[in-house]
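Okay, thanks for making room for me today. Let me put the structure up, and then I'll talk you through it.

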Amino acid sequence: SLSEKRRATELVSKAGGDIRQLNTIRKHLSLVKGGRLAQAAFPAKVITFIISDVVGDPLDVIACGPTVEDSSTPDDCLAIIKSLKLQEDMPASVLEHFTKEAKNMSEQRPSMTHVNNTIVGQNSLAVESAVQTAYCLGYKHKYVSSSCNLTGDADVLGETYAHWFSLAKQVSSGCERSKVLLKQSVMSLVDKEEVASAMISACEDGEKFCFIAGGEPTVRVVGDGKGGRNQHLALRASFAMSLAQTRKPLLCCLLCGGTDGQDGATTAAGAFAHSLVVIKEMEQAAKSALERNDSFSFYSQSQERDDLLVTGPTGVNVMDLHIFLFHFEKALT
């Protein structure tokens, strides 16, 4: 039933499943997804224009690939459910469907020669557009870096951004050891040495730095609060900055936003992170909001600043953008 399908996808999402896992489940519960729309249209010519909201732009995962040959199997669905420890919660009818489908699956793949799939929108285009805007705003080419394909746990990523700021501040003060640690931290996330080099150079030269990233982290939902992955990530970064007592907001700011204008079931597209989002008196409230997945409520209660990003629906989803800025004075020697 429709309610059982919705329950299945809701369980995978709240358990921290990524978009590939989520769409694998969806494809095998549909008569249209996973290439089945193209099969129904055969032998008519099928032309599909695609806007990608999936890291890496895999055609069979974007929108569950209704006109793309499906590389996943029912056994993959069962493996996903097991890896996320959802066997007991998953509707029995869904488990039975996957098990039955796995036994009856044919090894022969349907022909897709009548299909032409073309990507017309993707995260890398949004990232590049943001990079060009940074140049127009006066950021020097040498100190602007970018990367796509950011995934993983939003809590870990938020703490990583805060760690970058702390290390960058130490590098600007002339700490050689922090250069090594900063490079290691950056490389562990984006695996691009030029990003680390640009960041370190900006610190040493006293220049403003801009890092623009795209992708789609995930959040494991354990509470009943209101929020989204971007607001959660921003609050996690702000909380980490607060604990590090880096209370100079003009030195560093992080923006996390969804390109579709909606982050989770909220009216915000995302939020800003800096060291004054979580002042000393609000640390416990911030910790509680993170534990309850209630970042939107936390950001909404601020009376002094509006650190939520509110754009309204944009009509286009090419995942998320993170814009990380800092500017330190050149260390005196």
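I'll go through salt bridges, then helix packing, then one serine. Keep in mind that this is a predicted model.

So, salt bridges. Side chains of opposite charge can pair when their charged atoms come close. How many salt bridges does the structure hold? The count is 14, and I've picked a few to talk about.

Start with Lys 27, which forms a salt bridge with Asp 60; the closest N and O atoms there are 3.9 Å apart. This pair links distant parts of the chain. Lys 27 sits in helix H2, residues 19-27, while Asp 60 is in the loop between strand S1 (46-51) and helix H4 (74-83). That puts the two partners 33 residues apart. Are they buried or exposed? Both Lys 27 and Asp 60 are buried. And there's a third residue to mention here: Lys 27, Asp 60 and Asp 70 are linked in a network of salt bridges.

Next up is Arg 236, which pairs with Asp 155, and here the closest N and O atoms are 2.7 Å apart. Arg 236 is in helix H10 (residues 229-243) and Asp 155 is in helix H7 (residues 154-172), so this salt bridge ties together parts that lie 81 residues apart in sequence. Why do I call Arg 236 buried? Because its relative accessible area is 17%, and the cut-off for buried is under 20%.

Now one from within a single helix. Lys 179 and Glu 176 meet through their side chains in a salt bridge, 3.4 Å from N to O. Both belong to helix H8, residues 176-190, and because they are three residues apart, about one helical turn separates them. Glu 176 has a relative accessibility of 52%, so Glu 176 counts as exposed.

Okay, on to the helices. Two packed helices are described by the angle between their axes and the distance between the axes.

We've already met H7, as the home of Asp 155. The axes of H7 and helix H9 (residues 193-205) come within 8 Å, crossing at roughly 45 degrees. That angle makes H7 oblique to H9, and the crossing is right-handed. Who makes the contact? From H7 we have Trp 164, Ala 168, Val 171 and Ser 172, and from H9 there's Met 199, Ile 200, Cys 203 and Glu 204. Sorted by class, that's six nonpolar residues, one polar and one charged.

The other pair is helix H1 (residues 2-14) with H2, which pack at about 165 degrees with their axes 9 Å apart. Why roughly antiparallel? Because the angle is about 165 degrees, and over 145 counts as roughly antiparallel. The crossing of H1 and H2 is right-handed. In this contact, H1 brings Thr 9, Val 12 and Ser 13, and they meet Gln 21, Leu 22, Ile 25 and Arg 26 of H2. By class, the contact of H1 with H2 has three nonpolar, three polar and one charged residues.

Last stop, the serine I promised: Ser 288, over in helix H11, residues 283-291. Its relative accessibility is 23%, so Ser 288 counts as partly exposed. Where does Gly 223 lie relative to Ser 288? In sequence they are 65 residues apart, and in space 9.9 Å, C-alpha to C-alpha.

That's my tour, so over to you for questions.

Conventions: Residues numbered from 1 in each chain as written. Predicted model: local features only at pLDDT ≥ 70, side-chain atom pairs only at ≥ 80, totals over all residues. Heavy atoms only, no water. Salt bridge = Lys/Arg side-chain N within 4 Å of Asp/Glu carboxyl O. Helix = DSSP H or I, 4+ residues; strand = E, 2+ residues; numbered from the N terminus. Buried < 20%, exposed > 50% of the residue type's maximum accessible area, 1.4 Å probe, protein only. Axes fitted to C-alpha atoms, helices over the stretch in contact; angles between N-to-C directions. Parallel < 35°, antiparallel > 145°, perpendicular 65-115°, else oblique. Left-handed = near helix turned anticlockwise from the far one by under 90°. Contact = heavy atoms within 4.5 Å. Nonpolar A, V, L, I, M, F, W, Y, C, P; charged D, E, K, R; others polar.
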